[in-house]
Amino acid sequence: MTMVVDLLAQGIEVPPLSSRQIAAEADAVLAEYAKRFGPIMKPPIEIEDVTTSVLPLTFGFSDLQSQLGGRVHGAIWFSRRHILIDDALNPDRFPDLLGRYHFTLGHEIAHWQLHRFLFLDEAGHAVLYGDDEMPDVICRKDHARPLIERQADEFAGCLLMPEWLLRPAWRMLTGSDEPICDGRLRELVPAIEPIRFLIDADGIEVQPDPIRLMREVFCESLADQFAVSDEAMRIQLEYLGLFAE
């Protein structure tokens, strides 16, 4: 889920935002969705409707990895108000990656909500000189995580798994509002077959972290409810303090 920006256009610094501010920004988008379509009573968040009906954005799919190189998952053109997701995450072709697709779309929405003012003036015109054919922000999977990408990841988590939906779901799963410690999880989670986790969704061999895997197995049903990946759900639960050592 780590992504890095190739074009943080010509050295612009991203203002810091608190977690509360980022969650409020995501909730504001969902509140606008509720005004138009009615209260959100249960997951999943209809992220495609949010993109095109609540926000003034369009989106599509393209072979970004061939066009832009590297492990690109998404990109956004602010002046065009357009998002492209890499073909490798197209849920029509790869339904098992639906959760990763949702998170990537949420991540690009985050750039629109949190960062577009760095690239557009009040009239919506580009404020930076550049190649109009190139996206303003390119997001690729990588280990380096500049602030702009950490903010976008956090926003996507809050948008797809808002606390006011996730805490009741956690209560239904565990029977409590309290966190669960890893010691208790070891009693609840069945033995994990390591081979299941040797290859990540990008086809890259990874060394699994046993604690992360255990937590992700435990929250699989929540991930299904919210139509996100097990990894995204585990990170959001950690963010809310619901997993404890």
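Reader: In which helix is D49 found?

Author: In this predicted model, D49 belongs to a run of residues 47-54. That run is helix α2.

Reader: Which residues form the negative surface patch that includes D49?

Author: D49 has a relative accessible area of 33%, so this residue is partly exposed. A patch takes residues with over 30% relative accessible area, and D49 is one of the members of a negative surface patch. The residues that form this patch are E46, E48, D49 and D92.

Reader: What kind of peptide bond, cis or trans, joins P43 and P44?

Author: Most peptide bonds are trans. P44 lies in the loop between α1 (19-37) and α2. The omega of the bond between P43 and P44 is about 5 degrees, and this bond is cis.

Reader: What is the phi of R81, and where is R81 found?

Author: Most residues other than glycine have a negative phi. R81 is not a glycine, although its phi is positive. This residue is found in the loop between β3 (72-77) and β4 (82-86), and its phi is about 55 degrees.

Reader: Is R81 buried or partly exposed?

Author: The relative accessible area of R81 is 38%. Buried would require a value under 20%, and exposed a value over 50%. R81 is therefore partly exposed.

Reader: Is A227 buried or exposed?

Author: A227 lies in the loop between α9 (220-226) and α10 (230-239). A227 is not a glycine, yet its phi is positive, at about 55 degrees. Its relative accessibility is 14%, and the limit for a buried residue is under 20%. A227 therefore counts as buried.

Reader: Which residues does H102 touch, not counting residues up to four places away in sequence?

Author: H102 has its place in helix α4 (residues 98-115). At 10% relative accessibility, H102 counts as buried. Beyond four places in sequence, the residues that H102 touches are I47, L160 and A227.

Reader: With which residues is E154 in contact, leaving aside neighbours within four places in sequence?

Author: E154 is found in helix α5 (residues 147-160). Its relative accessible area is 21%, so E154 is partly exposed. Leaving aside the neighbours within four places, E154 is in contact with S19, I22 and Y239.

Reader: What distance separates the C-alpha atoms of E154 and A110?

Author: Along the chain, E154 and A110 are 44 residues apart. In space, their C-alpha atoms are separated by 8.6 Å.

Reader: What share of the contacts with a separation of 6 or more comes from residues 24 or more positions apart?

Author: The protein chain has 10 helices and 7 strands. Of its 245 residues, 44% count as buried. Among contacts with a separation of 6 or more, the share from residues 24 or more positions apart is 71%.

Reader: How many salt bridges does the structure hold?

Author: Side chains of opposite charge can pair when their charged atoms come close. One of the salt bridges joins the side chains of K35 and E32, at 3.9 Å from N to O. The number of salt bridges that the structure holds is 9.

Reader: What separates K35 and E32 in helix α1?

Author: K35 counts as exposed, at 68% relative accessibility. E32 is partly exposed, with a relative accessible area of 27%. The two lie 3 residues apart in helix α1, so their separation is about one helical turn.

Reader: What is the N to O distance in the salt bridge of R167 and E163?

Author: Both residues belong to helix α6 (residues 163-174), and being 4 residues apart, they are separated by about one helical turn. R167 counts as partly exposed at 28% relative accessibility, and E163 is partly exposed with a relative accessible area of 40%. The side chains meet in a salt bridge at 2.6 Å.

Reader: Which residue meets E187 in a salt bridge?

Author: E187 counts as exposed, at 60% relative accessibility. Its partner counts as partly exposed, at 41%. Both lie in helix α7 (residues 182-188), 3 residues apart, about one turn of the helix. The N to O distance is 2.7 Å, and the partner is R184.

Reader: Which residues are linked in a network of salt bridges?

Author: Salt bridges in this model also form a network. The residues linked in this network are D182, R215, E216, R234 and E238.

Terms used:
Residues numbered from 1 in each chain as written. Predicted model: local features only at pLDDT ≥ 70, side-chain atom pairs only at ≥ 80, totals over all residues. Heavy atoms only, no water. Patch = residues over 30% accessible without salt bridge, like charges linked within 9 Å, V, L, I, M, F, W, Y side chains within 5 Å. Areas by Shrake-Rupley, 256 points an atom, 1.4 Å probe, with all protein chains shown as cover. Salt bridge = Lys/Arg side-chain N within 4 Å of Asp/Glu carboxyl O. Lys, Arg positive; Asp, Glu negative; His and termini not counted. Charge placed at Lys NZ, Arg CZ, Asp CG, Glu CD. Buried < 20%, exposed > 50% of the residue type's maximum accessible area, 1.4 Å probe, protein only. Contact = heavy atoms within 4.5 Å.
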